[in-house]
Amino acid sequence: MYRIYNNLKIFTISMIYALFLTLYFPIDDSMIDRGNYLIYAENSLIIVGRYLDESILALFFNEPVWLMINIVLSSFLEPQNTLRTIIFVSSFTVSFLLLRNNLRYFWILLIILAFPNVIKNFIIHIRQGLAIAFFLIGWFSSSKSTKYFFFILSPFVHASFF
């Protein structure tokens, strides 16, 4: 029962954290890089085509997973909602995985999640926030195949993970 209560508490806190980051900050050109992310959300298919015109390697080394996620989401969402979805998923995933990891450090981890340098990875450096989420899914996975799958996937969302 105690474990269910803790997971529900962590789920609720992670949900509030992700909703706050998703809804509180504007999705427009007012923030650094936001305009570029809107272009990705709107034109990822065109960008993939340009890379493929160069070579398959050009696509391979220019974050193809990031582009594919944008293509899928933008096929049924507006560009602003594509970004909101990515911000929500990455911030929820990271906060849930971190807070659930070790309850002894719950309050310290909660404070760390509130640091501006952490928050900016979700709302300004959106690709990096999503890559961190993928990396942490792998890190906390008990399955070796899942672990390495997400480790390998991370650099194809943001090249800094290479």
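A helix, as the word is used here, is a DSSP run of H or I at least four residues long, and helices are numbered from the N terminus. With that in hand, E63 is easy to place: it sits in the loop between helix 3 and helix 4. Keep in mind that this is a predicted model.

**The overall picture**

Let's start with the whole chain. It has 9 helices and 0 strands, so the DSSP runs found here are helices. Read from the N terminus, the elements go α-α-α-α-α-α-α-α-α. The C-alpha atoms fill a box of roughly 55 × 40 × 30 Å along the principal axes. A compact globule of 162 residues would have a radius of gyration near 15 Å, and the 17 Å of this chain agrees with that.

How much of the chain counts as buried? The figure is 41% of the 162 residues. On the outside, the chain exposes about 9,300 Å², with carbon and sulfur atoms supplying 67% of that area. As for how the chain folds back on itself, take the contacts between residues at least 6 apart in sequence: 66% of them join residues at least 24 apart.

**The salt bridge at E63**

Back to that loop. A search of the whole structure turns up 1 salt bridge. R127 pairs with E63, and their closest N and O atoms are 2.8 Å apart. R127 belongs to helix 8 while E63 is in the loop between helix 3 and helix 4, so the pair ties together parts that are 64 residues apart in sequence.

Are the two partners buried or exposed? Both R127 and E63 are buried. For E63 the relative accessible area is 10%, and because the cut-off for buried is under 20%, that residue qualifies. The backbone of E63 is worth a look too: phi is near 50°, a positive value in a residue other than glycine.

**Helix 4 and L67**

Just past that loop comes helix 4, residues 64-74, whose buried residues are P64, V65, W66, L67, N70 and L73. An α-helix has 3.6 residues a turn, so residues three or four places apart point the same way. The cover over the buried residues of helix 4 includes helix 2 (34-54), helix 3 (56-60), helix 5 (79-101), helix 8 (126-139) and helix 9 (144-153).

L67 is a good residue to zoom in on. This leucine lies in helix 4 and is buried, at 0% relative accessible area. Beyond residues up to four places away in sequence, L67 touches Y40, S44, I47, V48, Y51, L59 and N62. The C-alpha atoms of L67 and R50 are 12 Å apart, with their positions 17 residues apart along the chain.

**Helix 7, helix 5 and their meeting point**

Helix 7 has its own set of buried residues: I119, N121, F122 and I123. Their cover includes helix 1 (2-24), helix 2, helix 5, helix 6 (106-113) and helix 8.

I119 is in helix 7, residues 116-123. Once neighbours up to four places away are set aside, I119 touches Y17, L21, L113 and A114.

S91 is found in helix 5. Its side chain reaches the backbone oxygen of I87 at 2.7 Å. Leaving aside neighbours within four places in sequence, S91 is in contact with Y17, A18, L21 and F122. How far apart are the C-alpha atoms of I119 and S91? They are separated by 8.4 Å, although the two residues are 28 apart along the chain.

**A nonpolar patch on the surface**

Now for the outside. L52, I56, L57, F60, F61 and F162 form a nonpolar patch on the surface, and together they have about 650 Å² of accessible area. Helix 3 gives the most to this patch, with 3 residues. F60 is found in helix 3, and this phenylalanine is partly exposed.

Here are the accessibility values for residues discussed above:

| Residue | Relative accessible area | Class |
|---|---|---|
| F60 | 39% | partly exposed |
| E63 | 10% | buried |
| L67 | 0% | buried |
| S91 | 0% | buried |
| I119 | 15% | buried |

Note on methods: Residues numbered from 1 in each chain as written. Predicted model: local features only at pLDDT ≥ 70, side-chain atom pairs only at ≥ 80, totals over all residues. Heavy atoms only, no water. Buried < 20%, exposed > 50% of the residue type's maximum accessible area, 1.4 Å probe, protein only. Helix = DSSP H or I, 4+ residues; strand = E, 2+ residues; numbered from the N terminus. Contact = heavy atoms within 4.5 Å. Patch = residues over 30% accessible without salt bridge, like charges linked within 9 Å, V, L, I, M, F, W, Y side chains within 5 Å. Areas by Shrake-Rupley, 256 points an atom, 1.4 Å probe, with all protein chains shown as cover. Salt bridge = Lys/Arg side-chain N within 4 Å of Asp/Glu carboxyl O. Rg over C-alpha atoms; globule rule 2.2 N^0.38 Å. Polar contact = N/O pair within 3.5 Å; in protein donor to acceptor, adjacent residues only side chain to side chain.
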